[in-house]
Amino acid sequence: MSALTYRWAALSDVGLRRSDNQDAGYAGPHLLVLADGMGGAAAGDLASSTVVRELRKLDAPVRADDESMEALAGAIHRANDVLGETIAENPAVEGMGTTLEALLWDGTQLSQAHIGDSRSYRLRDGRLEQLNLDHTFVQSLVDEGRISPEEARVHPHRSLILRALLGRDDNDPDLYSVTPRAGDRFLLCSDGLSDMVEDDVIATTLGSGSIDLAATELVRKALEAGGHDNVTVVIAEFVANDTTGDEPADAPGGPHPGPAAQSNDELACADGQPQLVGAAAMQPRPPTGRSVQPTEMIEMDPEEARYAPRPPRRFRKLRWLLGIVVVLALLGVGLKAGYDWTQRQYYVSDHDGYVAVYRGVSADIPGLNLHRLDRSTGVRVSDLPQYNREQVTDGIEARDRDDADKIVESLSEAAKKSKERDDESDRSTDSRATGDHGDKAPS
Ligand code: CA
């Protein structure tokens, strides 16, 4: 019998600004999962729920030592394959993807998987620790000391994710092993919480009262702070698994109202039942036989589009399409005005294999060149992570020249990070294969 066990609680809310919930979560006796889908309505929820539903097959009694990590990695691979198959069968959901946080309990260790900008925290002795680093552009700037974590919270490109599960084979999660102690509380959450609520408030709230109450309070605080996004929390509280009913003296939440310290294997959340929340609790289906109307494209949340590593193609082309429409519309009024408008636009694309800034719109009409090279940069397109490469090939819109410069800077960082990651993964291949991992993310 294991010396530790845990109770769990999960809660998801659509938030105050969005009409659908693209987060999905699961909590059960061996497994905790959180996924934050992206790619627009009907795609983001499909992506996150697909991955959560695939992963929950792992929630079964303990396997032999050292097999946990392998089982988790394998399940994530399969879930990612299912995502890829779903996308192949339904072009309408092209560009969908999801973040993933997963903790698999084998009775001694937690095997942890992380990809994207969702968070895993551990609260131990009142101190909150983020267990791994966001796979975001702003985190790469923080890592290099170029901006502070406080600046990252308000950075205009804070939603730009560098890695996510996209149904392709070029994005693997980070895998770690974590050793819990009695009294530890673990929190998996979507950025709908971590973007809205400061870490010190998360720490206090996570440590107060029962975990059910903590889950409710965390979601309530995200909504109070504006509820800009879907907000989902999955919480586990580790307790001693003994028949004397001893609670660790420093357990932050105190006795749980559930069946504390009775049947050890049943010691869980209030009713001991696995919980499925958010999109995973619904039945998202790929959209079929329904074309997207132009008005819907225009109303698509720009933040959502930026959030997706590969936004749907139809949206990427929209502004350029608009560029042509504006030019054509203005032909009757004055060709020059329309042309001038296009020349105030900027975008980033490739030029002879290098990232370059263009002025104008990435489209021409016969007899009229609507764009020209503004400047080329030293960033090789081939050095970029795959989805950045695709973004550049398709062209990335910029608000103005400054914004174009920032995008170039972010791509430069991504190229650098990609190389570092490749080096790092070469070095750590052996240790990963043996499942010998530290508690902390590699710096
Ligand atoms: Ca989100």
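The exercises below, each with a worked solution, concern a predicted model.

Residues are numbered from 1 along each chain as its sequence is written, and side-chain values use heavy atoms, with hydrogens and water left out. Because the model is predicted, local features need pLDDT of at least 70 and side-chain atom pairs count only at pLDDT 80 or more, while totals for chains, interfaces and linings use all residues.

**Exercise 1. The calcium site**

Determine which residues coordinate the calcium ion and where Asp-36 and Asp-191 lie in the chain.

Solution. Begin with the donors, which are N, O and S atoms within 2.8 Å of the metal, or 3.2 Å for Na, K and Ca; water is not among the atoms, so sites may look incomplete. The calcium ion is coordinated at 2.3 to 3.1 Å by Asp-36 (OD), listed twice, together with Asp-191 (OD) and Asp-229 (OD). Along the chain, these donors follow the spacing D-x154-D-x37-D. Next, place the pair in the secondary structure, where helices (H or I, at least four residues) and strands (E, at least two) are DSSP runs numbered from the N terminus. Asp-36 belongs to strand β3 (residues 31-38) and Asp-191 to helix α5 (residues 191-194), so that the pair links parts of the chain 155 residues apart. Finally, check burial, for which buried means under 20% relative accessible area, exposed over 50% and partly exposed in between (1.4 Å probe, protein chains only). Asp-36 is buried because its relative accessible area is 2%, and Asp-191 is likewise buried, at 4%.

**Exercise 2. The surroundings of Thr-179**

Establish whether Thr-179 is buried, partly exposed or exposed, and which side chain joins its own in a polar contact.

Solution. Thr-179 sits in the loop between β9 (174-178) and β10 (185-189). Its relative accessibility is 34%, and therefore it counts as partly exposed. A polar contact is a pair of N or O atoms within 3.5 Å; within protein, one must be able to donate a hydrogen and the other to accept it, and residues adjacent in sequence count only if both atoms are side-chain atoms. Such a contact, of 2.7 Å, joins the side chains of Thr-179 and Gln-109. The C-alpha atoms of Thr-179 and Leu-110 are separated by 6.2 Å, although these residues are 69 apart along the chain.

**Exercise 3. Aromatic pairs**

Classify the ring pair Phe-186 and Phe-238 and the ring pair Tyr-347 and Tyr-358.

Solution. Rings of Phe, Tyr and Trp (its six-membered ring) pair if their centres lie within 6.5 Å, and planes under 30 degrees apart count as stacked, over 60 as edge-to-face and the rest as tilted. A search of the whole structure finds five aromatic pairs. For Phe-186 and Phe-238, the ring centres are 5.6 Å apart and the planes stand at 75 degrees, so this pair is edge-to-face. The pair connects strand β10, which holds Phe-186, to strand β11 (residues 231-240), which holds Phe-238, across 52 residues. Both of these phenylalanines are buried. The pair of Tyr-347 and Tyr-358 is stacked, with 5.2 Å centre to centre and 10 degrees between the planes. Tyr-347 lies in strand β13 (residues 346-351) and Tyr-358 in strand β14 (residues 354-360), 11 residues apart, and Tyr-347 and Tyr-358 are both buried. As a last step, follow the ring pairs that link Tyr-6, Trp-8, Trp-105, Phe-186 and Phe-238 into a cluster.
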